[in-house]
Amino acid sequence: KSFTALSVLQLQEQKKLNVNKAIQEYLPQIKIKSQYYDPNPILIRDIMSHTSGLPNDLLNGFFCDNPPSIDWLIDQINKCTMVSPAGYQQSYSNIGYGVLGKLISSVSGVTYADYLNQNIFSPLEMTSTFVDDKANTSPNMSVGYIDGEATDEVQIRDQAAGLIASSVVDMAKYLNMYL
């Protein structure tokens, strides 16, 4: 999630978005219903701080070999209702970070994975860090086991909520950037 938040803030510095604006200004396809009298829009900064009122998770398709697209997730979000008024209370939301990944892709014009590769991983020389299933083909990636059998890492639908595989050395480069 820190990579997603950093990406959003980079795009704000580039004046491609504003975290104080409603997510619907950039992703008008989000039309989640509210059961509250709530004149407050869902601000990008509220999604980043888990105070958006969006549901925390939709487990259908979250962990699987072939996750559905983020557009599918937005369709599912639109069938839900807000769990609280926007900006009212903190409620952890992987869905919100999935939406931020879609925002990054829409505003930048490249996929979420390509944005991170071009704007974070490459500049920091993070050569063993991946956002997608390329990690399963890397010779440096550790292998998981189930019942003694090697298995590939299961994919998650909301990449921007935490589908990053990395090495200790690369993560040290990332943390050093903050220092």
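Is Ser 93 buried or exposed? I took this as the opening entry and worked on a predicted model.

**Entry 1. Ser 93**

I looked up the relative accessibility of Ser 93 and found 1%; the residue therefore counts as buried, the cut-off being under 20%. I located Ser 93 in the loop between α3 and α4. I then listed its contacts, leaving aside neighbours within four places in sequence, and noted His 50, Leu 54, Pro 55 and Asn 56.

**Entry 2. Ser 84**

I turned to Ser 84, which is also placed in the loop between α3 and α4. Its relative accessible area is 1%, so I recorded Ser 84 as buried. Not counting residues up to four places away in sequence, I found that Ser 84 touches Tyr 36, Gly 53 and Gln 89. I also checked the spacing to Pro 55, which is 29 residues apart from Ser 84 along the chain; the C-alpha atoms of the two are separated by 8.8 Å. Pro 55 had already appeared in my notes as a contact of Ser 93.

**Entry 3. The helices α3 and α4**

How do the axes of α3 and α4 cross, and at roughly what angle? I took α3 as residues 70-77 and α4 as residues 94-108, and found that their axes come within 10 Å and cross at roughly 130°. Because this angle lies neither over 145 degrees nor within 65 to 115, I entered the two helices as oblique to each other. The crossing is left-handed.

I next listed the residues that meet. From α3 they are Ile 70, Asp 71, Leu 73, Ile 74 and Ile 77, and from α4 they are Ile 95, Gly 98, Val 99 and Lys 102. Sorted by class, this contact comprises 6 nonpolar, 1 polar and 2 charged residues.

**Entry 4. Backbone angles**

Which phi value does His 50 have? I read a positive phi of about 60°, although His 50 is not a glycine. I noted this because most residues other than glycine have a negative phi. His 50 is placed in the loop between α2 (44-48) and β1 (63-64). With 10% relative accessibility, His 50 counts as buried. His 50 is also one of the contacts of Ser 93.

I found a positive phi in Asp 147 as well, near 50°, and this residue is likewise other than glycine. Asp 147 lies in the loop between β2 (144-146) and β3 (149-151). Is Asp 147 buried or exposed? Its relative accessibility is 76%, so I recorded Asp 147 as exposed. I closed the entry with the contrast that His 50 is buried, whereas Asp 147 is exposed.

Conventions: Residues are numbered from 1 along each chain as its sequence is written. This is a predicted model: local features need pLDDT of at least 70, side-chain atom pairs count only at pLDDT 80 or more; totals for chains, interfaces and linings use all residues. Side-chain values use heavy atoms; hydrogens and water are left out. Axes are lines fitted to C-alpha atoms, for helices over the stretch in contact, and angles run from 0 to 180 degrees between N-to-C directions. Helices (H or I, at least four residues) and strands (E, at least two) are DSSP runs, numbered from the N terminus. Angles under 35 degrees count as roughly parallel, over 145 as roughly antiparallel, 65 to 115 as roughly perpendicular and the rest as oblique. A crossing is left-handed if the near helix is turned anticlockwise from the far one by less than a right angle, and right-handed if clockwise. Contact means heavy atoms within 4.5 Å. Ala, Val, Leu, Ile, Met, Phe, Trp, Tyr, Cys and Pro count as nonpolar, Asp, Glu, Lys and Arg as charged, and the others, Gly among them, as polar. Buried means under 20% relative accessible area, exposed over 50%, partly exposed in between (1.4 Å probe, protein chains only).
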